[in-house]
Amino acid sequence: MLGQWLATTRRHSTASLYSHRHSIVTQYLHRQRHFTNTWQLNTKRAFTSSQYANTAERVRNIGIIAHIDAGKTTTTERMLHYAGFTRKLGDVDSGSTVMDYLPAERSRGITIQSAAITFGWRDTQVHLIDTPGHVDFTVEVERAMRVLDGAVAIIDAVAGVQAQTLTVWRQTSAYGIPCVVFVNKMDREGADWKRSVADVEQRLGTRALVLVEPEIEKLAQSKYEPSELRRWVDAVTMERIEYDASDSTGATVRRQLLTPADGRAYEVAAQARERLVETLAELDAEIVDEFLAVDGDHVRVATDAVRAAVRRATLSNAACPVVPGAAFRNVGVQPLLDAVIDYLPAPTERPAPRAISGSRRINESHKTKSLKTKSPASRNALAATDDKLVAFAFKVTVDAQRGPMVYVRVYAGSLDARMTLVNGTRGGIRERASKLLQMYADSSEEIRTIRAGHIGVVLGLKHTRTGDTLLHPDHASLEDVTVVAGRERSAMHLLTEEDVREPVGLQLHGINIPPPVFMCAVEADSPKDENPLAQALASLLLEDPSLSVSFDAETGQTVLRGMGELHLEIVRDRLRASVNVTFGTMRVSFREAPSCTGSARFDYDKDIAGRPSRAGLRVEIEPHDRNANNVFVEMPDELVAVHNPAMVAFPWLHTSIRRSIWDGVHNALLRGTLLGFAVVRAKVRVSDIVYYGHYPSTPAAYRACAAQAVFQALAQCSPQLLEPLARAVIQCPAMHVGAVLSDINGSRMGRVLSLDDADDVRGAKSIVAQVPLSAMIGYSSALRSLTAGSGTFSMHVEDYGPTTKQQREQILKDSLGY
């Protein structure tokens, strides 16, 4: 019997669920009297993967994504509080949040790195990752999306869909991840509920399934008072959702079934249900049958049928549920959690990740195309081996006491403590998982196993990096493969040639890491600080794959490269907290490209450790595809000109030599001949490869020979400098447009692409311009000055353009000092 029932969701764990509503109030009062640290610890243990040993259907792996300052962390803190994980609500402004635990995050009030936490809701274990919203930390979102099954996209009800919202939405779309949209900040002046829903459909390109609506309709951009935010209507269940005015935390929620006697509230719910069913009818055939079975009455369609139709539409990525709320006012979070459980997929409902068998691998960071391998790609290899461990390392952090902490998602089998793992990405290195942890932001709990569909942390892996595939030693793809034990060494070392081995076994598709575009020099203040600096840099590189460090032989400087100004500022603060260092002026990372054809023949002939090493080949480099910033390497099918009959006895040398030459070419192209920037827009043709026998013609000899030939050929290509061009989207009040346009067209040498009314801010203008990235250094402060603090902007590198002769001379002078 439906009617009025009280659903108090005050800090309930997985034991106090909607199925036990009669005891929730009693449990809440009991916990208020006995809320201690011991209870908190027991609650955490209730959420470990051992509780749901064989029920992956009761697991949700979700991420929180949004533009910066849309309310991601605030919403997450409310989720944790209502789930019973925290005693009090965390606040971003006071620095008391659970998820933002780094000192830099609390001082700046923003999320810098993704944080994972596990909690329970409605008898379901939720692994949640809170991701950054700033464009400089897009890599954190990318590697989180790689392992998640669903996402919650948070939209500011005032600003609507913003630039970074579009960026992270494209990332979720690339992985086919279903989403639930939470329209936050409904309490702010200028909030527009209907426009936000329209924004979801128009700008995100998906159908909006509005599940909950405000009971009180407001005019566009009219502020909802706190009393007006207490009542909502649920279009799925035809219920009123009412927040108790006496409970300031928003934890006490009442649901009441609406009837025609409720007047206006029933009319609003009926209209919301009609719109929802009509939208579903365009996407789902089964709901049409249900609709016709009740003589076309939208309200009489069964609640379970509507909920099932919403779930089917969400899982197929044909639509996304939309829920409104105001997380700061503690409103709307419980319906959002319900939507996560009801409509986002379990691990068993997601397709297996793409995988390949064999040794094919493409370096995504440099966009270099390699030769095709004869090892077949297998899209079904993972599904056929679900009894043996297949795990993916998507994140690495470094703890001062524990060492490297490797975050993994298990796709098949189970990962047990003290288990021996084979790192297929690193050539089959064996490592032992000393301990397994379940993470709760910066705290943890030791567990025995991580089962398929779950996310956890592994300790003891010194050679594993972000993007590596970990396999069971008896995995079928490792047959006839010899694995090697990892060297005993600290994990805090820069990768060397020895660490980059040929991948073996099943390989899950990796993470696309964009190349860094900003750089600065970093130097130790004294000789005694050099070793600590090297260790600190190695630790940062282990954690953040979007960072890179190189040594400039001409200037003797260590150059640090990152994704943006804020990115490098955070790195600078972290280094200065532990090491005495000095940072140089921030610069951008250029590219080099050949302007004409050049060729070189090189014969390598040296004695190494008393043994001769010989190799020979010819390299020709020419300009290639000016619209794509990549490199194409071409080799003939007949790789080796056989000068020794012994070649016939070693057919495997074909593949070995091919790989060595490719590595030599690739490594040489990472450092151009002008200023040492990476070479792009080039086609490299290798020919006349000479083989002198098994012992003198080693892979190392071909690698060195290829690199020297490329250096010599590049010197003949009259290389030119390419500067990164950023696409900047600037929003400011109309009264300041003239000053902003003058600044872009003048000193910053930009090109305005469009000038329109801003979609998300009333009375504002949106300027889209293409500007040299070097001119955008310090633009945040400049824009604040030009617009009296009212302007905002976002940007990303979209292309590279040639520099003029004067610009090139100035760049060379600034870089070389002469």
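## Contacts along the chain

Two residues are in contact when heavy atoms of theirs lie within 4.5 Å. In this predicted model, contacts between residues at least 6 apart in sequence can be sorted by their separation along the protein chain: 74% of them join residues at least 24 apart.

## Overall make-up

The protein chain holds 818 residues, and 56% of them are buried. Its secondary structure comprises 18 helices and 41 strands.

About 34400 Å² of the protein chain is exposed, and 49% of that area comes from carbon and sulfur atoms.

## A seven-stranded sheet

Strands of a sheet pair through backbone hydrogen bonds, in either a parallel or an antiparallel way. One open sheet in this model is formed by seven strands with mixed pairing, and their order is 3-4-2-5-6-12-7. Strand 3 (115–121) and strand 7 (207–210) are the edge strands, each pairing on one side only. On average, neighbouring strands of this sheet are turned by 30 degrees against each other, with direction ignored.

Within the sheet order, strand 4 stands beside strand 2. Strand 2 covers residues 59–66 and strand 4 covers residues 124–130; the two pair in the parallel sense over six bridges. Ile 62 has Leu 128, in strand 4, as its bridge partner.

## A helix across the sheet

Helix 7, made up of residues 193–203, lies across four strands: strand 5 (150–156), strand 6 (179–184), strand 7 and strand 12 (319–324). Helix 7 runs at about 140 degrees to strand 7, which is one of the edge strands of the sheet.

Notes: Residues numbered from 1 in each chain as written. Predicted model: local features only at pLDDT ≥ 70, side-chain atom pairs only at ≥ 80, totals over all residues. Heavy atoms only, no water. Buried < 20%, exposed > 50% of the residue type's maximum accessible area, 1.4 Å probe, protein only. Areas by Shrake-Rupley, 256 points an atom, 1.4 Å probe, with all protein chains shown as cover. Pairing = 2+ DSSP bridges. Axes fitted to C-alpha atoms, helices over the stretch in contact; angles between N-to-C directions.
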